[in-house]
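Here's a quick briefing on the fold, the pockets and a few residues worth a look. Have the model open as you read.

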Amino acid sequence: TFKGDGNTFFLFAMGIFGLSIMGAMVSNATMRLPSASKKAQGVQCLANCMYWTMFLLADGSKAVSGSMPKAFSGDALPQIYGNLGIFAVLAVVNYLGWTSAGSPTPDISNIVPSGALKTPLIANFVNLGFFGIGCKFFTEPFIDMYIPGVVAGINKGSPDAMEAIYLIMSNAGMCMLMNIVS
């Protein structure tokens, strides 16, 4: 069982978030291959545009409203605004990629994967869905379910760190859910 402090758990949360972003990057990397159709590349750009717009809206609304965790406010706020700028640029670049591919729409008539990778893809989607929903919508109880009592301990010693960890884990959940969509 994890018995670390707020700093250790913060690094753990960042690792989970990084792995979630890496999942999206794997999908993107497959779209650069010559075997990827222009339509598939365009649809991936549309999914990426949605992905980065979700981050822009989620984190942007917190930054503008002043509800960003204390650990990410004050001196750290310029970096948050820098991230928002990067998110906006990525959303626009992907939107332009989607339009330059002819603005293809996803074919959702056969949304369940098929072929040789059907079983591992479905298993991955179920796993990502479970953790994504838990992290995004039930962040505090979901974390506490896996590491009982640690959240309360970190909250006592460093409530600002725990508030930041909740935001990171919630965003990791959003990544996981968007990885299913894309």
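Helices here are DSSP runs of H or I with at least four residues, strands are E runs of at least two, and both are numbered from the N terminus. With that in hand, look at the end of α2: glycine 66 follows this helix, and its phi is positive, near 80°. This is a predicted model, so local features need pLDDT of at least 70 and side-chain atom pairs count only at pLDDT 80 or more, while totals for chains, interfaces and linings use all residues. Residues are numbered from 1 along each chain as its sequence is written, and side-chain values use heavy atoms, with hydrogens and water left out.

**Overall fold**
- The protein chain has seven helices and zero strands, so there's little to puzzle over in the pattern, which reads α-α-α-α-α-α-α along the sequence.
- Along the principal axes, the C-alpha atoms fill a box of roughly 55 × 40 × 25 Å.
- Of the 182 residues, 35% count as buried, meaning under 20% relative accessible area (exposed is over 50%, partly exposed is in between; 1.4 Å probe, protein chains only).
- Taking contacts (heavy atoms within 4.5 Å) with a separation of 6 or more, 75% are between residues 24 or more positions apart.

**Helices α1 and α2**
- The expected span of a helix is 1.5 Å times one less than its number of residues.
- For the 25 residues of α1 (residues 6–30) that gives 36 Å, and the end C-alpha atoms are 37 Å apart, which agrees.
- α2 has 28 residues and reaches 40 Å from first C-alpha to last, close to the 40 Å expected.
- Which residues of α1 are buried? They are Gly6, Phe9, Ala13, Phe17, Ser20, Ala24 and Asn28.
- An α-helix has 3.6 residues a turn, so residues three or four places apart point the same way.
- The buried residues of α1 pack against α2 (38–65), α5 (139–146), α6 (150–157) and α7 (159–181).

**Largest pocket**
- A pocket is found on a 1 Å grid over the protein atoms alone, as an open set of points where a 1.4 Å probe fits, with protein on both sides within 12 Å along at least five of seven lines; lining residues have an atom within 4 Å of a point.
- Grid points are joined across faces, edges and corners, and a volume is the space filled by probe spheres set on the points.
- The largest pocket comes out at about 1,400 Å³.
- It has 42 lining residues, with Phe125, Asn179, Ile180, Val181 and Ser182 the closest to its centre.
- α1, α2, α4 (118–137), α5 and α7 each give two or more residues to this lining, and α1 has the largest share, with nine.
- By class, the lining has 29 nonpolar, eleven polar and two charged residues (nonpolar: Ala, Val, Leu, Ile, Met, Phe, Trp, Tyr, Cys and Pro; charged: Asp, Glu, Lys and Arg; polar: the others, Gly among them).

**Second largest pocket**
- This one has a volume of about 280 Å³.
- Of its 15 lining residues, Phe17, Asp59, Asn83, Phe87 and Asn171 lie nearest the centre.
- The largest share of this lining, four residues, comes from α3.
- Its lining divides into twelve nonpolar, two polar and one charged.

**Serine 170**
- Serine 170 sits in helix α7 and counts as buried, at 11% relative accessibility.
- Leaving out residues up to four places away in sequence, serine 170 touches Cys135, Lys136 and Thr139.
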